[in-house]
Amino acid sequence: METTTVRWVTGETFIGIDSNNHSTVLSTKNANTGMRPSELLVVALCSCTSVDVVQILEKKRKPLEMLEIQAHSQQDPEPPWTFRKIHMKYILKGKDLTPKDVEQAIELSEEKYCSVSASLRATVEITWEYEIL
């Protein structure tokens, strides 16, 4: 079991520390000194699938030159502001990338490998599209 720690710094600012002692500054929108926890959840989703897609394409001998994911999310307007939709746009560049390669990599990540996606899937509609540069 891994241990994650969040420490209050001051006001509405916190430090999140992972099991390898890496840290991230977190805050509320009002404090504006770090990433909002709700946005960090979306970043976690994009990061998780990014790792998968890069690794899957490398195994297919289709290494990437660039990958960016832009995510748009919708939350309920009232507390607890539950996420309802997250749409991700994958923007990729790489030699000999084909739509089939990209679609397979994203689908494998979404359906099999990404733990964040698997954890959110029950309550959040996750959709995606991609663009090959």
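In this predicted model, residues 24 or more positions apart account for 50% of the contacts in the protein chain that have a separation of 6 or more. The chain comprises three helices and six strands, and, read from the N terminus, these elements follow the order β-β-β-α-β-β-α-α-β. The C-alpha trace spans about 50 × 35 × 30 Å along its principal axes, and of the 133 residues in the chain, 27% count as buried.

A convenient place to enter the interior is the largest nonpolar core, which has 22 residues, and in which Leu45, Val53, Ile86, Met88, Tyr90, Leu92 and Leu120 are the residues with the most contacts inside it. Helix H1, strand E5, helix H2 and helix H3 each supply at least two residues of this core, and H1 gives the most to it, with seven residues. Leucine 120 illustrates how such a residue is surrounded: when residues up to four places away in sequence are not counted, leucine 120 touches Leu41, Leu45, Ile86 and Ile126.

Helix H2, one of the contributors to this core, covers residues 99-113 and has 15 residues; from its first C-alpha to its last it reaches 20 Å, close to the 21 Å expected at 1.5 Å a residue. Its buried residues are Asp101, Val102, Ala105, Ile106, Ser109 and Glu110. Because these buried residues fall within an arc of 155 degrees when H2 is seen down its axis, they line one face of the helix. The face of H2 turned away from that buried side carries the exposed residues Lys100, Glu111 and Lys112. As for what lies over the buried residues of H2, the cover includes helix H1 (37-59), strand E5 (83-93), helix H3 (115-120) and strand E6 (125-132).

From H2 the account turns to the region where strand E3 gives way to helix H1. Serine 27 lies in strand E3, which covers residues 23-27, and serine 27 counts as buried because its relative accessible area is 1%, under the 20% cut-off. Leaving aside neighbours within four places in sequence, serine 27 is in contact with Glu12, Thr13, Asn32, Thr33, Gly34, Met35, Arg36 and Pro37. A polar atom of the serine 27 side chain also lies 2.9 Å from the backbone nitrogen of glycine 34.

Two of the residues that serine 27 touches, Asn32 and Pro37, deserve a closer look. Asparagine 32 lies in the loop between E3 and H1, and it has a positive phi of about 55 degrees although it is not a glycine. With a relative accessible area of 63%, asparagine 32 is exposed. Proline 37, by contrast with that loop position, lies in helix H1, and because its relative accessibility is 52%, over the 50% cut-off, proline 37 counts as exposed as well. When residues up to four places away in sequence are not counted, proline 37 touches Leu26 and Ser27. The C-alpha atoms of proline 37 and valine 124, which are 87 residues apart along the chain, are separated by 17 Å.

Further along the chain, other loops also carry backbone features that a reader may wish to inspect. Proline 80 is found in the loop between strand E4 (66-75) and E5, and a cis peptide bond joins proline 79 and proline 80, with omega at about 10 degrees. Aspartate 96 is found in the loop between E5 and H2, where it has a positive phi of about 65 degrees although it is not a glycine. At 53% relative accessibility, aspartate 96 counts as exposed.

The cysteines complete the picture. The count of disulfides comes to zero, and for cysteine 46, which is in no disulfide, the nearest cysteine sulfur is that of cysteine 114, 9.2 Å away. Cysteine 46 is buried, with a relative accessible area of 11%, and cysteine 114 is likewise buried, with a relative accessible area of 4%.

Methods. Residues are numbered from 1 along each chain as its sequence is written. This is a predicted model: local features need pLDDT of at least 70, side-chain atom pairs count only at pLDDT 80 or more; totals for chains, interfaces and linings use all residues. Side-chain values use heavy atoms; hydrogens and water are left out. Helices (H or I, at least four residues) and strands (E, at least two) are DSSP runs, numbered from the N terminus. The expected span of a helix is 1.5 Å times one less than its number of residues. Buried means under 20% relative accessible area, exposed over 50%, partly exposed in between (1.4 Å probe, protein chains only). The arc is that of the directions from the helix axis to the C-beta atoms. Contact means heavy atoms within 4.5 Å. A polar contact is a pair of N or O atoms within 3.5 Å; within protein, one must be able to donate a hydrogen and the other to accept it, and residues adjacent in sequence count only if both atoms are side-chain atoms. A nonpolar core is a set of buried Ala, Val, Leu, Ile, Met, Phe, Trp, Tyr and Cys residues joined through side-chain atoms within 4.5 Å. A disulfide is a pair of cysteine sulfur atoms within 2.5 Å.
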